[in-house]
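Subject: Structure handover

Hello,

Here is the structure I said I would pass on. Please open it first, then read the notes below.

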Amino acid sequence: QWMTFDYINHLFIIPDTFLQQRLSITDSKYPFLTIKQYAEKTNTNVITVVNSIQYEIKQYMDRQVGNK
């Protein structure tokens, strides 16, 4: 919940705009928007947001491995 998208991007070494594009985030605070803030602004359960982030990161990582 406390994590920002910037932190997640760096932790998983994914492009800065990847999650922004995949989750259709338009908030100007991105990437310094927290998961909790995003969930509240989109009226979505935090667990649902976390699951979506995990899914997108896994898809990204799977594509990276497949391209090697």
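S24 is exposed, with a relative accessible area of 58%. Bear in mind throughout that this is a predicted model. S24 lies in the loop between α2 and α3. Its phi is near 55°, a positive value in a residue other than glycine.

N43 also has a positive phi, about 55°, and is not a glycine either. You will find N43 in the loop between α3 and α4. N43 counts as exposed, at 76% relative accessibility.

Back to the loop between α2 and α3, which also holds P31. The peptide bond from Y30 to P31 is cis. Its omega is near 10°.

What does P31 meet? One contact is T4: leaving aside residues up to four places away in sequence, T4 touches P31, F32, L33 and T34. T4 sits in the segment before α1. Its relative accessible area is 19%, so T4 is buried, the cut-off being under 20%.

Now the interior. The largest nonpolar core has 17 residues. Those with the most contacts inside this core are F5, L19, L23, I25, Y38 and I53. Four elements give two or more residues each: α1 (5-12), α2 (18-22), α3 (35-41) and α4 (46-66). Which of them gives the most? That is α4, with five residues.

L19 is a good place to start looking. Not counting residues up to four places away in sequence, L19 touches F5, I8, N9, I14, S24, I25, Y30, I53, E56 and I57. Two residues from the loop notes above are in that list: S24, the residue with positive phi, and Y30, which precedes the cis bond to P31. F5, I25 and I53 are in the list too, and each is among the core residues with the most contacts.

Last, the surface. W2, Y7, L11 and F12 make a nonpolar patch of about 440 Å². F12 belongs to helix α1. Is F12 buried, partly exposed or exposed? F12 is partly exposed, with a relative accessible area of 34%. Helix α1 therefore supplies F12 to this patch, and α1 also gives two or more residues to the core, whose members are buried by definition.

Best wishes

Methods. Residues are numbered from 1 along each chain as its sequence is written. This is a predicted model: local features need pLDDT of at least 70, side-chain atom pairs count only at pLDDT 80 or more; totals for chains, interfaces and linings use all residues. Side-chain values use heavy atoms; hydrogens and water are left out. A nonpolar core is a set of buried Ala, Val, Leu, Ile, Met, Phe, Trp, Tyr and Cys residues joined through side-chain atoms within 4.5 Å. Buried means under 20% relative accessible area, exposed over 50%, partly exposed in between (1.4 Å probe, protein chains only). Contact means heavy atoms within 4.5 Å. Patches are made of residues with over 30% relative accessible area and no salt bridge: like charges are joined within 9 Å, nonpolar side chains (Val, Leu, Ile, Met, Phe, Trp, Tyr) within 5 Å. Accessible areas come from the Shrake-Rupley method with a 1.4 Å probe; for residues, only the protein chains shown count as cover. A salt bridge is a side-chain nitrogen of Lys or Arg within 4 Å of a carboxyl oxygen of Asp or Glu.
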